[in-house]
Every structure is written in structure tokens, then in C-alpha cells.
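Thanks for sending this one over. My notes are below as numbered points, so have the structure open while you read.

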Amino acid sequence: MQLSTTVDYATALDREAVVNQENVMVPFKHCVSAFAGYCLAAVSLAATQATLTLGENTSGIAVDGSVRKAFVSNFASGTISVIDLDTRTVKTTINVRTGVRRPQVSTALNRLYVVSDTTPGYITVIDTKTETIIADVQVGNRALAISADFQGGALYVRNFGSNSISVFDTATNT
């Protein structure tokens with residue numbers, strides 16, 4: 001796959017993201033920022049289609065193609081920005097808690113899972129159709145990372161502050 005020579009990006013400090021006509025939004029790790037988070041980049045031969053203002057310190061992105069939405073975690077704001085991929089606009093903002101990061105999407109379940117780098121840490125489950133929180137479960141301290149095994153029905157959360165792994169059941173949200 002050959003990428004375009006035109007790359008539009010915005011830093012987490014500027015709290016902006018770009019979406020191109022192909023709806024491509026990807027983590028961009030090579031930006032200059034006081035916060036070691038992510039930038040969002042759109043790579044396209046065409047011009048940028050939209051510039052969106054998000055929450056502070058974007059820290060991840062996940063796309064649920066079945067509902068045509070992207071979900072951006074905003075670490076410092078404690079929110080999830082919901083982006084409509086068809087209109088290329090921020091549809092709504094979901095309040096979670098400060099430290100929200102690492103979104104994972106199950107398109108089969110229409111669920112977004114995010115962890116919170118707090119003490120105690122949390123895994124929050126959001127319905128991607130209704131954009132509402134359906135579960136908020138305490139895990140170990142400082143939940144920094146999440147890995148999904150959707151075929152096995154499990155999420156694995158790395159808890160930095162408590163040196164542990166939490167196993168989360170996606171069928172029961174526990």
C-alpha cells in the first residue's frame with residue numbers, strides 16, 4: 001500500500017483531529033507534545049475534509065464501522081469524543097473520568113471498552129449505538145492497557161499500580 005505524500009496532523013496539545021474523505025484516522029506517534037499521548041492523522045491524496053476539536057490530551061481512537069462512528073479518548077478531559085464518520089463531525093461527548101485511555105471496540109457487540117489510569121482503575125463499557133455507559137467496573141490501580149480477545153469473550157487489563165492483570169468478561173460486563 002502506497003501512502004500519500006500529504007499528511008495532515010494535529011497534536012494532542014491543539015486538541016484537534018483531521019478526517020479525510022476516506023474516513024482514515026490513525027494514531028500518529030511522532031508528534032511533538034508535552035504529553036506523551038497520541039496525535040491523530042489523516043493520510044490522503046485528497047484534501048482534508050474536516051478539522052475537529054476534541055477534548056484535552058487525546059490518548060486513543062477506535063472505530064465501530066457497523067454504526068459509522070469513531071471514538072476518541074481524551075485523557076485530561078476524562079471524555080470520549082464521538083465522531084460521525086458520514087458527516088465528519090463530533091456528534092457528542094461522553095463523560096467518563098480523568099485518565100480515560102486505550103479504547104477497544106467490538107463491532108459484533110456494539111461496545112466500546114476504555115480503561116482509566118486512576119487509583120482505583122476502571123474499565124468502562126459504552127454502547128456504541130446509544131452512546132451511553134452501560135457498565136463501569138473497578139479493576140486494579142492505574143489501568144494502563146487493555147487487550148481484547150473478543151472471540152473468547154474476554155478483555156485483559158494491565159494494572160500498573162497494583163502489578164496485576166484483570167480479566168473482564170464481555171458477556172456479563174464483570
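1. Let me begin at a spot out on the surface. Alanine 171 has 70% relative accessibility, so it counts as exposed. Alanine 171 belongs to the segment that follows β16. Its C-alpha atom is 9.1 Å from that of leucine 109, although the two positions lie 62 residues apart in chain terms, counted as residues apart. Bear in mind throughout that this is a predicted model.

2. Next, the sheet just before that segment. Three strands make an open sheet in the order β14-β15-β16, and the pairing is antiparallel. β14 (143-149) and β16 (164-169) are the edge strands, each with a pairing on one side only. From one strand to the next the twist averages 20°. As a reminder, strands of a sheet pair through backbone hydrogen bonds, in either a parallel or an antiparallel way.

3. Now the β14 side of the sheet. β14 and β15 run antiparallel and are joined by 6 bridges. To check the register, look at alanine 143, whose bridge partner in β15 is asparagine 159. The two strands form a hairpin with 4 residues between them. Within that turn, glycine 153 has a positive phi of about 75°.

4. The other hairpin deserves a look too. β15 (residues 154-159) pairs with β16 over 6 bridges, again in the antiparallel sense. Two bridge partners fix the register for you: arginine 158 goes with isoleucine 165 of β16, and leucine 155 goes with phenylalanine 168 of β16. Here there are 4 residues between the strands, and asparagine 163 takes a positive phi near 50°. If you go through the backbone angles, glycine 153 and asparagine 163 are the two I would pull up.

5. Which aromatic rings pair up? A search of the whole structure gives 2 aromatic pairs. One is tyrosine 113 with phenylalanine 150, a tilted pair with 5.9 Å centre to centre and 35° between the planes. This pair links distant parts of the chain: tyrosine 113 sits in strand β11 (residues 111-116), phenylalanine 150 in the loop between β14 and β15, and they are 37 residues apart. Tyrosine 113 counts as buried because its relative accessibility is 0%. Phenylalanine 150, at 30%, counts as partly exposed.

6. The other pair shares the tyrosine. Tyrosine 113 and phenylalanine 168 meet edge-to-face, at 6.2 Å centre to centre with 70° between the planes. This pair also links distant parts of the chain, from β11 to strand β16, with 55 residues separating tyrosine 113 and phenylalanine 168. Both of these residues are buried. Put together, Tyr113, Phe150 and Phe168 make one aromatic cluster. Note that phenylalanine 168 is also the residue bridged to leucine 155, which ties the cluster back to point 4.

7. One last contact to look at. Where does arginine 97 lie relative to tyrosine 122? Arginine 97 is over the face of the tyrosine 122 ring, at 3.9 Å from the ring centre.

Note on methods
Residues are numbered from 1 along each chain as its sequence is written. This is a predicted model: local features need pLDDT of at least 70, side-chain atom pairs count only at pLDDT 80 or more; totals for chains, interfaces and linings use all residues. Side-chain values use heavy atoms; hydrogens and water are left out. Two strands pair if DSSP finds at least two bridges between them. Axes are lines fitted to C-alpha atoms, for helices over the stretch in contact, and angles run from 0 to 180 degrees between N-to-C directions. Rings of Phe, Tyr and Trp (its six-membered ring) pair if their centres lie within 6.5 Å; planes under 30 degrees apart count as stacked, over 60 as edge-to-face and the rest as tilted. Buried means under 20% relative accessible area, exposed over 50%, partly exposed in between (1.4 Å probe, protein chains only). A charge sits over a ring if NZ of Lys or CZ of Arg is within 6 Å of the ring centre and within 35 degrees of the ring normal.
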